[in-house]
Amino acid sequence: MANGLERESGSTIFSEEELREVSGVKRVGDYVEVTCGCTSHRYGDAVGRLRVFVNGYLEITCECTPGCQEAKLTPSAFEKHSGRETARKWKNNVWVIVNGEKVPLCKTVLLKYYNQVSKAANGSHRSQNGRACHRDEFVRCSRCNKERRFRLRTKEECRIHHDALADANWKCSDLPYDKITCDDEEERASRRVYRGCTRSPTCKGCTSCVCFGCDICRFSECSCQTCADFTNNAKA
């Protein structure tokens, strides 16, 4: 671990050299955390903490004001929350501090694994506009009755959601990548409407974001009804 976060393959996700000039670097378990921000011409800088996980997933905790409760935001949601006038370009608008200067995420190494995961997902199953077509889903905890978000960008994430949905006793602490407990607050209703659809951030379900079966979200070794139907149809 001396040279960076280790991926499952044994190689490092980021080396010390890659992050040497980035401000606020903190290595914790399966992610690296750095200081980030987004600038609005009207409201100024909104500062936060960006977490980059070993599976490429990005998550931002906002620190725009001492009392801000917005946590576990996607970069796109953070961009919107900051009041950025030209939203929907978070790779350019969300920045980190490198050598004392604000540098867009797209010009840093921090998107390396996010881009790899996105490319792999798009190559396996695409919607009509060429993007990955699995929206975020929610599963309710059997203990605290709170809904928890699942992002379905990769086959690994789809399997985690699939197994949680099939487990009647699923609980918050079973979520492997967010490390949450039943004591953590549930996402606000205003945040839950954002489901990651490529057509509209507040889409309630359309053919662009809802997949009815592909090799990312169906598992041939699973005997559940959904996977069995998909396997039989594929063979036919």
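**Ring cluster and helix 4**

Y57 counts as buried at 8% relative accessibility (buried is under 20% relative accessible area, exposed over 50% and partly exposed in between, with a 1.4 Å probe and protein chains only). The model is a predicted one, so to speak of local features takes pLDDT of at least 70 and side-chain atom pairs count only at 80 or more, while totals for chains, interfaces and linings use all residues. Numbering runs from 1 along each chain as its sequence is written, and side-chain values use heavy atoms, with hydrogens and water left out.

Searching the whole structure turns up three aromatic pairs (rings of Phe, Tyr and Trp, the last by its six-membered ring, with centres within 6.5 Å; planes under 30 degrees apart are stacked, over 60 edge-to-face, the rest tilted). One of them joins Y31 and F53, a tilted pair at 5.1 Å centre to centre with 50° between the planes. Y31 sits in strand 2 (residues 31-40) and F53 in strand 3 (residues 44-53), so this pair ties together parts 22 residues apart in sequence (strands are DSSP E runs of at least two residues, helices H or I runs of at least four, numbered from the N terminus). F53 also pairs with Y57, again tilted, at 5.6 Å and 35°. Y31 and F53 are both buried, F53 with a relative accessible area of 2%. Ring pairs thus link Y31, F53 and Y57 into a cluster.

Then there's helix 4 (residues 155-166): its 12 residues should span 16 Å at 1.5 Å a residue, and the end C-alpha atoms are indeed 16 Å apart (the expected span is 1.5 Å times one less than the number of residues). Its buried residues include E157, C158, H161, H162 and A164. Down the helix axis, the buried residues fall within an arc of 170°, so they line one face (the arc is taken from the directions from the axis to the C-beta atoms).
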